[in-house]
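User: I'm new to reading protein structures, and I would love a close look at one part of this one. Could you walk me through the strand in the middle of things and what surrounds it?

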Amino acid sequence: MLKVGDQLPQFEGINQNGEPVKSEKLLGKKLVVFFYPKASTPGCTAEACSLRDHYSELKNQGYQLLGVSADSVKRQKSFSDKYELPFDVIADENHDVIEKFGVWQMKKFMGREFMGIVRTTFIFDEKGVCTQVIDKVRTKDHAAQILEG
């Protein structure tokens, strides 16, 4: 998993509109990249809506936001439209971006082990250096976690 001090990995993902999102185009502003297990599930919806509801505050502090999950473009589009998300969400079905950040890991749920996305948020400075990793995401209060720094 990426850690504080690491450089933003080079990647190209596809957003909810089927358009490419390239990491090098994200430099120059502070960047929040949040990984979530599955679009439109309760925790992921709460997290995305917390960020949506505080988007202007985050933007005023110089942040740009990018969500990533292994969902399809169609599912990401539905998620983005339904909850009126003002930021891109990447459909990373082949796990390229997920693997580069190191969030595809063994998980345990109800006694069962499986591979999945570990809900994690990475914050980068304007030069693409990781300044914070949030691995204990409070889904309903995630914007506050970022704003508190």
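Analyst: Ile 146 sits in helix α5, which covers residues 142-148. Please keep in mind that this is a predicted model. Is Ile 146 buried or exposed? Its relative accessibility is 1%, so Ile 146 counts as buried, the cut-off for that word being under 20%. Apart from neighbours within four places in sequence, Ile 146 is in contact with Val 32, Leu 51, Leu 58, Tyr 63, Thr 121, Ile 123 and Ile 134. Ile 123, one of these partners, is 23 residues away along the chain, yet the two C-alpha atoms are separated by 8.1 Å.

Tyr 63 from that list leads us to the strand you asked about. Tyr 63 belongs to β4, where Tyr 63, Leu 65, Gly 67 and Ser 69 point one way. Gln 64, Leu 66 and Val 68 point the other way from β4. How many residues of β4 are buried? The count is seven of the seven, so β4 is largely enclosed by the rest of the structure.

Now let's see what lies beside β4. The strand is part of an open sheet of five strands, in the order β5-β4-β3-β8-β9 and with mixed pairing. The edges of this sheet are β5 (88-91) and β9 (130-134), each pairing on one side only. From one strand to the next, the twist averages 20 degrees.

On one side, β4 pairs with β3 in the parallel sense, over six bridges. Val 33, in strand β3 (residues 30-35), stands opposite Leu 66 in β4. With a relative accessible area of 0%, Val 33 is buried. Leaving out residues up to four places away in sequence, Val 33 touches Leu 66, Val 68, Phe 101, Thr 120, Thr 121, Phe 122 and Phe 124. Val 68 is 35 residues from Val 33 along the chain, and their C-alpha atoms are separated by 7.3 Å. Thr 121 is a name to notice here: it touches Val 33, and it is also in contact with Ile 146, the residue we began with.

On the other side, β4 and β5 also run parallel, joined by four bridges. Here Gly 67 stands opposite Val 89 in β5, while Ser 69 stands opposite Ala 91 in β5. Helix α3 (residues 73-82) lies across both β4 and β5, and it runs at about 160 degrees to β5.

A little further along the chain you meet His 95, in the loop between β5 and α4 (96-101). His 95 has 17% relative accessibility, so it counts as buried, since the word applies under 20%. Setting aside neighbours within four places in sequence, His 95 is in contact with Ala 70 and Trp 104.

Finally, β4 also has a part in the largest pocket, which holds about 180 Å³ of space. Of its 13 lining residues, the closest to the centre are Leu 26, Lys 29, Tyr 55, Gln 64 and Leu 65. Which strand gives the most to this lining? That is β4, with four residues. Along with β4 (63-69), β2 (20-22) and α2 (55-60) each supply at least two residues. By class, the lining has eight nonpolar, two polar and three charged residues.

Key
Residues are numbered from 1 along each chain as its sequence is written. This is a predicted model: local features need pLDDT of at least 70, side-chain atom pairs count only at pLDDT 80 or more; totals for chains, interfaces and linings use all residues. Side-chain values use heavy atoms; hydrogens and water are left out. On a 1 Å grid over the protein atoms alone, a cavity is a set of points where a 1.4 Å probe fits but cannot get out, and a pocket is an open set with protein on both sides within 12 Å along at least five of seven lines; lining residues have an atom within 4 Å of a point. Grid points are joined across faces, edges and corners, and a volume is the space filled by probe spheres set on the points. Ala, Val, Leu, Ile, Met, Phe, Trp, Tyr, Cys and Pro count as nonpolar, Asp, Glu, Lys and Arg as charged, and the others, Gly among them, as polar. Two strands pair if DSSP finds at least two bridges between them. Axes are lines fitted to C-alpha atoms, for helices over the stretch in contact, and angles run from 0 to 180 degrees between N-to-C directions. Contact means heavy atoms within 4.5 Å. Buried means under 20% relative accessible area, exposed over 50%, partly exposed in between (1.4 Å probe, protein chains only).
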